[in-house]
Amino acid sequence: MKLDLPQSRIDVVLEAIRRGILTHELRPGQALVEAELASQFGVSKTPVREALKILSHSGLVQSVAYKGMRVQTVDGELIRSVRDLRLLVEPEAVRRAVSEGPAHYLDEAGRMLETAREMIEEGEDRAGLSLVNRDFHALLYAGCGNPLMRDVMDNLRDRTALISVVAWHEAEDRPQHPSGFEWDEHRDILAAARAGDAERAASLTAGHISRFFERVLDGSP
């Protein structure tokens, strides 16, 4: 199916490939051939090439020597690396945001939380839900007042979304889906942030990150 391209061709192709990866339509390790993707989307190879470059920087795509672009694979090393960096930076970013940041970010985070609840009730569009969860976290730390801290966290957003989707895919047969745990914990973090309790919000964020990666690593290679 060809894409309607009312905006930048690169942006549209970028989002189409990102969604393909986050729905498992494009699987970890799968080759991403420019000519094939260009034909599928009804565009030239140039916007595909540029989109793949952007996705390689965000961690959804990897360049393999002599083999070209592939969907990023998820293994224990990647999971632990993302976990360690998030635990070092994100709780402190949330603490600063609650202490010093404007309230409108938390209002938007509340709307994201409600959107996630509706998506879970309607059957969990995994790609959409992972992106909503990603944006929820970004809004919690957006007001931290440190642009470099935000950049570090933003750089991990797509990697975390990919790890989430892989974990959810592997957890389909479990009694309680991971998204239920995550929503409850997001609700508690937001409640602490809205109450102005920066230390509790930071502590809950750290616990949330730790438990999420524990669940993922339980089923990882």
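I will talk about some of the salt bridges in this structure and then about the packing of two of its helices, and please keep in mind throughout that this is a predicted model.

Let me begin with the charged pairs. The structure holds 19 salt bridges, and I will go through three of them. One of these joins the side chains of R95 and E199, with a nitrogen-to-oxygen distance of 4.0 Å. This pair links distant parts of the chain, since R95 belongs to helix α4, residues 76-100, while E199 belongs to helix α9, residues 198-218, and 104 residues separate the two. As for their surroundings, R95 is partly exposed, with a relative accessible area of 24%, whereas E199 is exposed, at 52%.

The next two salt bridges have R134 in common, so let me take them together. R134 meets the side chain of D135 in a salt bridge at 3.5 Å, N to O, and R134 also pairs with D158, where the closest N and O atoms are 2.4 Å apart. Because D158 lies in helix α7, residues 147-170, and R134 in helix α6, residues 126-141, this second pair ties together parts that are 24 residues apart in sequence.

Are these three residues buried or exposed? R134 has a relative accessible area of 17%, and because the cut-off for buried is under 20%, R134 counts as buried. D135, at 21% relative accessibility, counts as partly exposed, while D158 is buried, with a relative accessible area of 3%. If we then follow the salt bridges that share partners, we arrive at one network that joins E15, R18, R134, D135, D154, R157 and D158.

Now I turn to the helix pair. Two packed helices are described by the angle between their axes and the distance between the axes. For helix α1, residues 9-22, and helix α3, residues 45-58, the axes come within 8 Å and cross at roughly 55°, and the two helices are therefore oblique to each other. The crossing in which α1 passes α3 is right-handed.

Which residues make the contact? On the α1 side they are R9, I10, V13, L14, I17 and R18, and on the α3 side they are P47, V48, E50, A51, L52, I54 and L55. Sorted by class, the contact of α1 with α3 has ten nonpolar residues, three charged residues and no polar ones.

One residue brings the two parts of this talk together: R18 is among the α1 residues in the contact with α3, and R18 is also a member of the salt-bridge network that includes R134 and D158.

Technical notes
Residues are numbered from 1 along each chain as its sequence is written. This is a predicted model: local features need pLDDT of at least 70, side-chain atom pairs count only at pLDDT 80 or more; totals for chains, interfaces and linings use all residues. Side-chain values use heavy atoms; hydrogens and water are left out. Helices (H or I, at least four residues) and strands (E, at least two) are DSSP runs, numbered from the N terminus. Buried means under 20% relative accessible area, exposed over 50%, partly exposed in between (1.4 Å probe, protein chains only). Axes are lines fitted to C-alpha atoms, for helices over the stretch in contact, and angles run from 0 to 180 degrees between N-to-C directions. Angles under 35 degrees count as roughly parallel, over 145 as roughly antiparallel, 65 to 115 as roughly perpendicular and the rest as oblique. A crossing is left-handed if the near helix is turned anticlockwise from the far one by less than a right angle, and right-handed if clockwise. Contact means heavy atoms within 4.5 Å. Ala, Val, Leu, Ile, Met, Phe, Trp, Tyr, Cys and Pro count as nonpolar, Asp, Glu, Lys and Arg as charged, and the others, Gly among them, as polar.
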